[in-house]
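Trainee: Before we go through this model, could you take me through the reasoning behind the words we use for strands and helices?
Mentor: Gladly; let us have it in front of us and set each value against its criterion.

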Amino acid sequence: MLNRLLQLPKNKSLFLFGPRNTGKSTLIRHTFPKAYVIDLLDIEVETKFARNPKELNYLVEALDKNVTHVIIDEVQKVPKLLDAVHHLIESTTKHFILTGSSARKIKGGASNLLAGRAFVYHLYPFSFIEIEKDFCLDKSLNFGMLPSTYNYKESQDCISFLRAYAHTYLKEEIWAEHFIKKLDPFRKFLEVAAQMNGKIVNFHRIALDVGVDDKTIKQYFSILEDTLLGFFLEGFQHSVRKRLLSKPKFYFFDTGVKRSLSRGLSLPIQKGTYQYGEIFEHFIILECIKLSSYRQDDYRFSYYMTKDGVEIDLVVERPGQKTLFIEIKSKDSVQDYDLKELRLLKADFADGEFVCISNDPYKKNIDGIMVFPWMEGIKEFFS
């Protein structure tokens with residue numbers, strides 16, 4: 001298997017969250033090869049523990065002393081097991097490795113993520129750094145970075161997998177868990193939300209397009225967050241109160257999944273088009289966020305827009321460092337006129353650092369603004 005950037009501690013209990021097919025099971029079984037494994041995706045195993053969560057106590061207490069770790073895959077399937085795990089962490093020397101593709105059923109549970117007794121980590125689709133020489137930007141923009149997708153050589157196989165992925169999400173993560181009462185409006189919502197990826201969210205407009213009320217749309221977005229399919233990017237403000245009042249953007253966790261949900265997989269992205277620029281921006285933002293998460297550096301991400309419409313794609317607040325303002329350009333040759341937004345803001349934020357991450361193959365300094373080839377820029381600030 002490829003070496004993943006996320007390093008898991010060997011002597012701690014932990015949660016590992018991540019969307020389906022990001023490689024959680026592969027990573028933990030490689031990291032803890034001698035662990036006892038309980039796979040709740042097996043319907044018989046799930047049924048057994050759902051009927052009687054105390055079965056876990058009986059099983060763990062009978063394990064050999066040499067077995068130091070217990071893996072519970074997709075623990076959200078039986079959230080009541082967390083109470084048993086909580087007790088076993090306190091009463092035994094075993095370490096528990098718990099994976100999940102949804103935090104919705106775990107949130108607010110009796111154990112409340114085991115009250116801090118288990119560390120929390122997140123696994124994302126591949127980063128270009130993990131793939132190294134096999135990385136292909138065009139393939140990543142078109143089909144995303146999920147491990148299964150990246151292992152397929154033919155475009156049609158990637159398309160078939162991503163379409164099946166979207167269907168599985170609807171069937172197993174949403175419908176089977178009774179998160180919604182009607183599937184058709186949610187299916188329509190997914191398509192609209194994917195088409196609006198990276199744009200400022202207008203809940204009322206989306207509600208009109210889907211045919212439900214605003215409250216339902218907010219619930220739908222909450223489901224996407226809790227099942228790890230996407231995240232909000234808030235507007236940057238100096239004031240925390242104003243930050244909460246600003247309108248967010250929403251991004252899906254993978255460019256391929258986004259394109260599948262928006263029904264755009266069959267149309268290859270053409271370089272130089274508006275669509276290419278949008279997907280390139282999406283890809284860069286995902287890379288920055290996943291690498292920052294792996295480093296656990298407590299960066300806060302947002303975007304910036306003035307009342308006059310001046311917009312900066314990504315703002316990164318870094319503890320103890322200057323706030324980083326990033327403009328993302330898919331152009332092969334960045335010129336001074338491409339940086340007008342950064343120049344306008346530079347006068348207002350004397351304590352900021354202003355850079356452009358782009359497809360330009362050359363590193364440049366244009367009027368004090370550094371322009372980086374995208375790989376070099378991401379490594380400079382996030383690797």
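Trainee: Which residue in strand 4 does Val70 stand opposite?
Mentor: In this predicted model, Val70 stands opposite Phe96 in strand 4.

Trainee: How do you know that strand 3 (residues 69-73) and strand 4 (residues 95-100) pair?
Mentor: Two strands count as paired if there are at least two bridges between them, and four bridges join strand 3 to strand 4, which run parallel, so the criterion is met.

Trainee: What is the order of the five strands in the open sheet, and what makes strand 2 and strand 5 stand at the edges?
Mentor: The order is 2-3-4-1-5, with parallel pairing. Strand 2 (36-39) and strand 5 (119-122) each have a single partner strand, so one side of each is left without a neighbour in the sheet. From one strand to the next, the twist averages 15 degrees.

Trainee: How do you know that helix 1 packs on the sheet?
Mentor: Contact requires heavy atoms within 4.5 Å, and helix 1 (residues 24-31) touches strand 1 (14-17), strand 2, strand 3 and strand 4, while its direction makes about 170 degrees with that of strand 3. Because angles over 145 degrees count as roughly antiparallel, helix 1 is roughly antiparallel to strand 3.

Trainee: What pairing does the open sheet of six strands have, and which strands stand at its edges?
Mentor: Its pairing is mixed, and its order is 8-9-10-11-13-12. Strand 8 (300-305) and strand 12 (364-366) stand at the edges, each with a single partner strand, so that one side of each has no neighbour in the sheet. Neighbouring strands here are turned by 30 degrees against each other on average, direction ignored.

Trainee: How do you know that strand 12 and strand 13 pair?
Mentor: The pairing needs at least two bridges, and strand 12 and strand 13 (residues 369-373) have three, in the antiparallel sense; Ile366 stands opposite Ile369 in strand 13.

Trainee: Why is helix 9 called roughly perpendicular to helix 11?
Mentor: The axes of helix 9 (residues 183-195) and helix 11 (residues 214-226) come within 11 Å and cross at roughly 75 degrees. Since the range from 65 to 115 degrees counts as roughly perpendicular, helix 9 is therefore roughly perpendicular to helix 11.

Trainee: Which residues meet there, and how many of them are nonpolar, polar or charged?
Mentor: Pro185, Phe186, Phe189, Leu190 and Ala193 in helix 9 meet Ile217, Tyr220, Phe221, Ile223 and Leu224 in helix 11. By class, this contact has ten nonpolar residues, no polar and no charged ones.

Conventions
Residues numbered from 1 in each chain as written. Predicted model: local features only at pLDDT ≥ 70, side-chain atom pairs only at ≥ 80, totals over all residues. Heavy atoms only, no water. Helix = DSSP H or I, 4+ residues; strand = E, 2+ residues; numbered from the N terminus. Axes fitted to C-alpha atoms, helices over the stretch in contact; angles between N-to-C directions. Parallel < 35°, antiparallel > 145°, perpendicular 65-115°, else oblique. Nonpolar A, V, L, I, M, F, W, Y, C, P; charged D, E, K, R; others polar.
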